[in-house]
Amino acid sequence: MTVDTSGPGPSDDPAERVEDRAQDRARGQAEDRARGQAEGQAEDRAPDQAEDRESGTGAGLSERDRDVLAVERRGWPGPGAKERAIRERLGISPTRYYQLLNALLDDPRALEHDPVTVNRLRRIRDERRERR
């Protein structure tokens, strides 16, 4: 019995497979961003903070900075899931993410935007420094 492989189906061309994966990844990132924005809006925030965030005034943080804080605000089951989310949602490496996060901890605008998360992370950072 012979099998007809000339019809439509998955390509054996590696370039097409890479392109398909890139398109799937881009689609997934867009869905993750939309989901992340919906989660951020659903979190309990004071109405004046929500208005400031939408108008671009108020805390004065960039969208990327707010996204970094949003990722850190969320609980993660393990480091692998968090690192994957950092790469997919923010499009940066985990190393760069932690560099940005560390700088945000010293930024008064970040403290104004999300005092609970920033104070928690500052406390953890200070405890680790004391142990050294």
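## A salt bridge between helices 3 and 4

In this predicted model, Glu 72 and Lys 82 are joined by a salt bridge whose closest N and O atoms are 2.9 Å apart. The pair links distant parts of the chain, with Glu 72 placed in helix 3 (residues 63-73) and Lys 82 in helix 4 (residues 79-90), 10 residues apart.

Both partners are covered by the protein. Glu 72 has a relative accessibility of 9% and therefore counts as buried. Lys 82, at 12% relative accessibility, counts as buried as well. The cut-off behind these assignments is a relative accessible area under 20%.

## Overall architecture

The protein has 7 helices and 0 strands. Read from the N terminus, its elements follow the order α-α-α-α-α-α-α. Of its 132 residues, 23% count as buried.

## Further salt bridges

A search of the whole structure yields 4 salt bridges, among them the contact of Glu 72 with Lys 82. Another of these contacts is made by the side chains of Asp 114 and Arg 73, which meet at 2.7 Å, N to O. Here too distant parts of the chain are linked: Asp 114 belongs to the loop between helix 6 (108-113) and helix 7, whereas Arg 73 belongs to helix 3, and the two are 41 residues apart. The partners differ in their exposure class. Asp 114 is buried because its relative accessibility is 5%, while Arg 73 has a relative accessible area of 22% and is therefore partly exposed.

The side chains of Arg 125 and Asp 106 also meet in a salt bridge, at 2.9 Å, N to O. Arg 125 lies in helix 7 and Asp 106 in the loop between helix 5 (94-105) and helix 6, so that this pair, 19 residues apart, links distant parts of the chain. Arg 125 is buried, with a relative accessible area of 16%. Asp 106, by contrast, has a relative accessible area of 52% and is exposed. The threshold for the exposed class is over 50%.

## The aromatic pair in the model

The search of the whole structure finds 1 aromatic pair. It consists of Tyr 97 and Tyr 98, whose ring centres are 4.9 Å apart and whose planes stand at 80°, so the arrangement is edge-to-face. The angular criterion for that label is over 60 degrees.

The two rings belong to residues of unlike accessibility. Tyr 97 has a relative accessible area of 0% and is buried, whereas Tyr 98 has 38% and is partly exposed. Tyr 97 is found in helix 5. Its C-alpha atom is separated by 9.0 Å from that of Arg 87, a residue 10 positions away along the chain.

## C-alpha distances to Leu 121

Two C-alpha distances relate Leu 121 to residues elsewhere in the sequence. Leu 105 lies in helix 5 and, with a relative accessible area of 4%, is buried. Leu 105 and Leu 121 are 16 residues apart in sequence, and their C-alpha atoms are 7.3 Å apart in space.

Glu 72, the helix 3 residue that forms the salt bridge with Lys 82, provides the other distance. Glu 72 and Leu 121 are 49 residues apart in sequence, with 8.9 Å in space from C-alpha to C-alpha. Glu 72 is a buried residue at 9% relative accessibility.

## A positively charged surface patch

On the surface, Arg 128, Arg 129, Arg 131 and Arg 132 gather in a patch of positive charge. Of these residues, Arg 132 is located in the segment after helix 7 (115-131). With 80% relative accessibility, Arg 132 counts as exposed, because the exposed class begins at values over 50%.

Technical notes: Residues are numbered from 1 along each chain as its sequence is written. This is a predicted model: local features need pLDDT of at least 70, side-chain atom pairs count only at pLDDT 80 or more; totals for chains, interfaces and linings use all residues. Side-chain values use heavy atoms; hydrogens and water are left out. Patches are made of residues with over 30% relative accessible area and no salt bridge: like charges are joined within 9 Å, nonpolar side chains (Val, Leu, Ile, Met, Phe, Trp, Tyr) within 5 Å. Accessible areas come from the Shrake-Rupley method with a 1.4 Å probe; for residues, only the protein chains shown count as cover. Lys and Arg count as positive and Asp and Glu as negative; His and the chain ends are not counted. The place of a charge is taken as NZ of Lys, CZ of Arg, CG of Asp or CD of Glu. Helices (H or I, at least four residues) and strands (E, at least two) are DSSP runs, numbered from the N terminus. Buried means under 20% relative accessible area, exposed over 50%, partly exposed in between (1.4 Å probe, protein chains only). Rings of Phe, Tyr and Trp (its six-membered ring) pair if their centres lie within 6.5 Å; planes under 30 degrees apart count as stacked, over 60 as edge-to-face and the rest as tilted.
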